[in-house]
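Hi everyone, thanks for making time. Let me put the structure up, and then I'll talk you through it.

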Amino acid sequence: MDGKIARRVFSDLYDRYLDGEITRPPSAGITAYVTALLEQWCDITEDEDET
């Protein structure tokens with residue numbers, strides 16, 4: 001894959017999933033993964049002491 005194709009694919013995916021208005025709930029696997037991470041590590045958006 002050359003740079004032009006990679007850039008176009010990236011832009012298309014960004015527009016579809018990050019910049020679009022369509023929202024989908026995360027899959028069960030993603031939810032479980034994030035839950036496991038938060039059990040191990042604090043959520044930095046909720047860390048008032050910024051540790």
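So, the protein has two helices and zero strands; helices (H or I, at least four residues) and strands (E, at least two) are DSSP runs, numbered from the N terminus. This is a predicted model, where local features need pLDDT of at least 70, side-chain atom pairs count only at pLDDT 80 or more, and totals for chains, interfaces and linings use all residues. Residues are numbered from 1 along each chain as its sequence is written, and side-chain values use heavy atoms, with hydrogens and water left out.

Now the overall form. The radius of gyration is 16 Å, whereas a compact globule of 51 residues would be near 10 Å. That radius is taken over C-alpha atoms, and the globule rule is 2.2 Å times the number of residues to the power 0.38. Along the principal axes, the C-alpha atoms fill a box of roughly 45 × 25 × 25 Å.

How much of the protein is buried? Just 2% of the 51 residues count as that, where buried means under 20% relative accessible area, exposed over 50%, and partly exposed in between (1.4 Å probe, protein chains only). In total the protein exposes about 5300 Å², with carbon and sulfur atoms supplying 56% of it. Those areas come from the Shrake-Rupley method with a 1.4 Å probe, and for residues only the protein chains shown count as cover.

On to the surface. Ile5, Val9, Phe10, Leu13, Tyr14, Tyr17 and Leu18 make up a nonpolar patch, together offering about 700 Å² of accessible area. Patch members have over 30% relative accessible area and no salt bridge; like charges are joined within 9 Å, nonpolar side chains (Val, Leu, Ile, Met, Phe, Trp, Tyr) within 5 Å. A salt bridge, by the way, is a side-chain nitrogen of Lys or Arg within 4 Å of a carboxyl oxygen of Asp or Glu. Val9, for one, sits in helix α1 (residues 3-17) and is partly exposed because its relative accessibility is 35%.

What about aromatic pairs? The count comes to one. Phe10 and Tyr14 form it, tilted, at 6.2 Å centre to centre and 35° between the planes. Rings of Phe, Tyr and Trp (its six-membered ring) pair if their centres lie within 6.5 Å; planes under 30 degrees apart count as stacked, over 60 as edge-to-face and the rest as tilted. Phe10 and Tyr14 are four residues apart in helix α1, so about one helical turn separates them. Phe10 is exposed at 57%, while Tyr14 is partly exposed at 37%.

Last stop: Asp19, in the loop between α1 and α2 (28-40). Its relative accessible area is 53%, so Asp19 counts as exposed.
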